[in-house]
Amino acid sequence: MSPTHEAAPGRASAGATNGNHFRGGGTSTRNYIGLPDLLDLLNVDVSDRVAVSYRPPGGRFCSVVCSPEEATALAAEKATGADVWFGVNPVGEHVDSGRGTGDDVTRQTALFADLDVGEGKFASLADAEGFVDVVARWLNADPTAVVYSGHGIQPYWAVDPADGHIATQSDRIRAEALLSRWAAAVRHLASEHYGAHLDSVFDLARILRVPDTENMKGDPVPVTAVAPGGPPLTVSAVVDAIAELGLPFEEPTAGTLDEPVDTSTWTFASDGTCTYVRAMIDGWSGDRPDARHPWLLAQATRLACAHRYGCFTEADYRRAETVLADRMESLCGSGSNARAVGVTEVASAIDWGRQRAAILTDGQLSKQLGGHTHRADTTVELATAVGPAGDGGRLSKPGSGADDPWALLVPGGSFIHDQPEGIPALWGDGEYVLLADGEALIIAGPQGVGKTTLAGLIIAGLLGLRCEVLGLPVARQRRVLYLAMDRPRQAARALRRQLGRAPRELLDDRLVVWKGPPLADMAARPETLAAYAARADADVVIVDSLKDAAIGLSDDEVGAGWNRARQTALQAGVNLIELHHNRKAASEAPDINDLYGSTWISSGAGSVILLAGKPGAAYVKVHHVKAPAEQVGPWTLLHEQDTGEMTVHRAADLLALAGLTDGGLTVSAAAGAIFETDKPDRDQKKQASRRLDRLVDDGLLRVVGSGPPSPNRYVPTAGKSITQPIPATGFGESLPDYSRHSRGEENSQVNDSRGHSRHSRAPHSRGGRTLKSPPRYADDSQEGSEQRLCYVCGGLLEYADDVRDGYHSGRSSCVRGADR
């Protein structure tokens, strides 16, 4: 039965549904159903293939594609003690692992929504039920089925089976467009009637809750379903109803062209295959997809997109076809679900990819290639950009397009005044920054002193598995690419010690690793580094190490080439951490000139730290020889090789020293303590002076003395003296006895990265008792129900008092945010 539209669309008080509203009473709303009934109502045939996904709490997410009967049995098996979902739309027989994608869906069975109860969503379950009635009145049709998901409602309106089949690409585009329009309509109604926001669940491959199972978020809640009895809807009736809402909708061909591009006009490159596509092709041999045929279709589409762009020579295109076929054969021939590759499977996929690429817009084409355009397409004749001779050779006004080679020309006011206050940092806080956003960090040192170990700790911070490294906060990032070009097996062992307890799903999603030498010398081909980042869709790249990325680093031409590669990646929004080596004969006083190679290597970096020590030593010195702002350290680090931990073992505590020095602390004495020397030089004294003045600005120290020729002395502000500073790491160290300073004994307290004790952690001082080791990962807390993320910065909370307060009490930016 097709719905009619007797009511003003979108108005809950208008229209009728033959007296059988979802909330209008009647026995149909009490008709409880299970998965077999729900599949029947969605007109799923016995020959269809249905995806079933499940995950026990804290366990791995798994998916199986099977017959409806097998899906019902599997769901029943997993019904207790696991979250269970099913694919609303059937997928093709070629999907042999995973749950398939929108490209694999063979029929659109229903239009659906996910109505959650909570802040910013629906205020109550009754409101969610009321919204179902709103939609039913708008469509003049009750829902076919309604699933109570445990924390909300998931209503379905079945699509007429005659309209739902997806056999061609145009069918798929039509189905995607209908779902997109449906999403806009129900979001509009939810906002208009209830001020509620709907989650983004409107895709063809959507999985939703299975009735007669449990929702395991928090305490288990039963998932149930009812069948209000709504009939299937024709696509034309739904489209008419949506149109009557008067909302602005995109055309069904959004993202595609009205007419496909003539593939016979596609040409091959005459100036060689570009680096991005070469990396793409060579990367196929290492791909290990969960679903083989969908992977084949996706790569065939990218292959065709690159051909349409003219990104490779004909010889490399033929090579790409061979590589793709060989990898598909290898994937299908291995594993427990091995099978033979279909006789025409690869050829059909390549043909399908060409059809798909022919209808994509330039924007969609670019997305298929990671935002890449072939380098030959971005070159311009300078004569077309330079004004006429009588114009003095000035540049004409640049355009604003993404491919405009002059787009980097910006007004001086924007360049200067649009910069953020302070230094946006990925690793650091305030003026103490080791990795600034948009700049590169070099970590250099001899062999075996912990460069890879330190990189692993930073990776953990970037992934959100820890909030600080060496006492400085690390900002969580979306995805990290680790180029393990130097001894990848050894790097894997080191990372396993540090990240072995992290969930596999998190690491698979947010960490990408390249094993072995690069595809090309990155100094000779500067675009290669950015291409790697684009292929991995990463916003941070760890280069391990520079000697493997470029050959001949002592040559200035190579050093300049690497810097061009670095700056190209930074310009693309990719942050870099580069591991490097020292010269064999390093200077006694650590200096930036100790780096091996051309001066251009360090010149283009924003920050450089040097590690010094013997291979395998437990203690390593760290010197910050190039800084975005204030220099950090120097430090002595404790390198625990069995656990992969590095912690600040010793640093000068200026605040404590000022309180324990008769008459106050002088600049010279502070410099001597910071740099561990009896004769600090002029630069070291200046750095010490800046740190002392910063403590004065923070209200922790004050200056006493009559001025020259007597040196200024710094003493604690009244009430700010710290007699029992707290270790920055808290990894089981005993609190130090500061009375030992007066006896001239060595003190091995752990201080924070700024060189003074963390006074804000005073509540942790419990009479000198040993501090409990904080959890290194978010799931290590003994009380799993406690909040473990800072509500100001979103970082992991490592201390019990911080968990209690809800923010980092030892981080000034979080304290200020909490005060607001």
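Select helix 18 first, residues 527–536. This helix is mostly covered, with seven of its ten residues buried. The model is a predicted one, and the values given on this tour are computed from it.

**Stop 1: the buried residues of helix 18**

Display the side chains of T528, L529, A530, A531, Y532, A533 and A536, which are the buried residues of helix 18. Which elements do the buried residues of helix 18 pack against? Two helices are involved, helix 7 and helix 20 (556–571). The strands to colour are strand 16 (480–484), strand 17 (511–515), strand 18 (540–544) and strand 19 (575–580). Before leaving this helix, select D537, which follows helix 18 and has a positive phi, near 55 degrees.

**Stop 2: helix 7 against helix 18**

Add helix 7, residues 275–284, to the selection. Two packed helices are described by the angle between their axes and the distance between the axes. Here the angle is about 50 degrees, and the axes of helix 7 and helix 18 lie 9 Å apart. Helix 7 is therefore oblique to helix 18. The crossing of these two helices is right-handed.

To view the contact, select T275, Y276, A279, M280, G283 and W284 on helix 7, then E527, T528, A531, A534 and R535 on helix 18. By class, this contact comprises six nonpolar, three polar and two charged residues. T528 and A531 deserve a second look: both belong to the contact with helix 7, and both are among the buried residues of helix 18.

**Stop 3: helix 15 against helix 16**

Move next to helix 15 (residues 451–462) and helix 16 (residues 488–499). How far apart are their axes, and at what angle do the helices pack? The axes are 10 Å apart and the angle is about 45 degrees, so helix 15 is oblique to helix 16. This crossing, too, is right-handed.

On helix 15, select T452, T453, G456, L457, I459 and A460; on helix 16, select A491, A494, L495, Q498 and L499. These residues make the contact. Seven of the contact residues are nonpolar and four are polar, with no charged residue in the contact of helix 15 with helix 16.

**Stop 4: the whole protein**

Finally, zoom out to the full model. The protein contains 26 helices and 25 strands. Of its 820 residues, 49% count as buried. Its accessible surface comes to about 37,400 Å², and carbon and sulfur atoms account for 49% of that surface. Among contacts between residues at least 6 apart in sequence, 70% join residues at least 24 apart.

Key. Residues are numbered from 1 along each chain as its sequence is written. This is a predicted model: local features need pLDDT of at least 70, side-chain atom pairs count only at pLDDT 80 or more; totals for chains, interfaces and linings use all residues. Side-chain values use heavy atoms; hydrogens and water are left out. Helices (H or I, at least four residues) and strands (E, at least two) are DSSP runs, numbered from the N terminus. Buried means under 20% relative accessible area, exposed over 50%, partly exposed in between (1.4 Å probe, protein chains only). Contact means heavy atoms within 4.5 Å. Accessible areas come from the Shrake-Rupley method with a 1.4 Å probe; for residues, only the protein chains shown count as cover. Axes are lines fitted to C-alpha atoms, for helices over the stretch in contact, and angles run from 0 to 180 degrees between N-to-C directions. Angles under 35 degrees count as roughly parallel, over 145 as roughly antiparallel, 65 to 115 as roughly perpendicular and the rest as oblique. A crossing is left-handed if the near helix is turned anticlockwise from the far one by less than a right angle, and right-handed if clockwise. Ala, Val, Leu, Ile, Met, Phe, Trp, Tyr, Cys and Pro count as nonpolar, Asp, Glu, Lys and Arg as charged, and the others, Gly among them, as polar.
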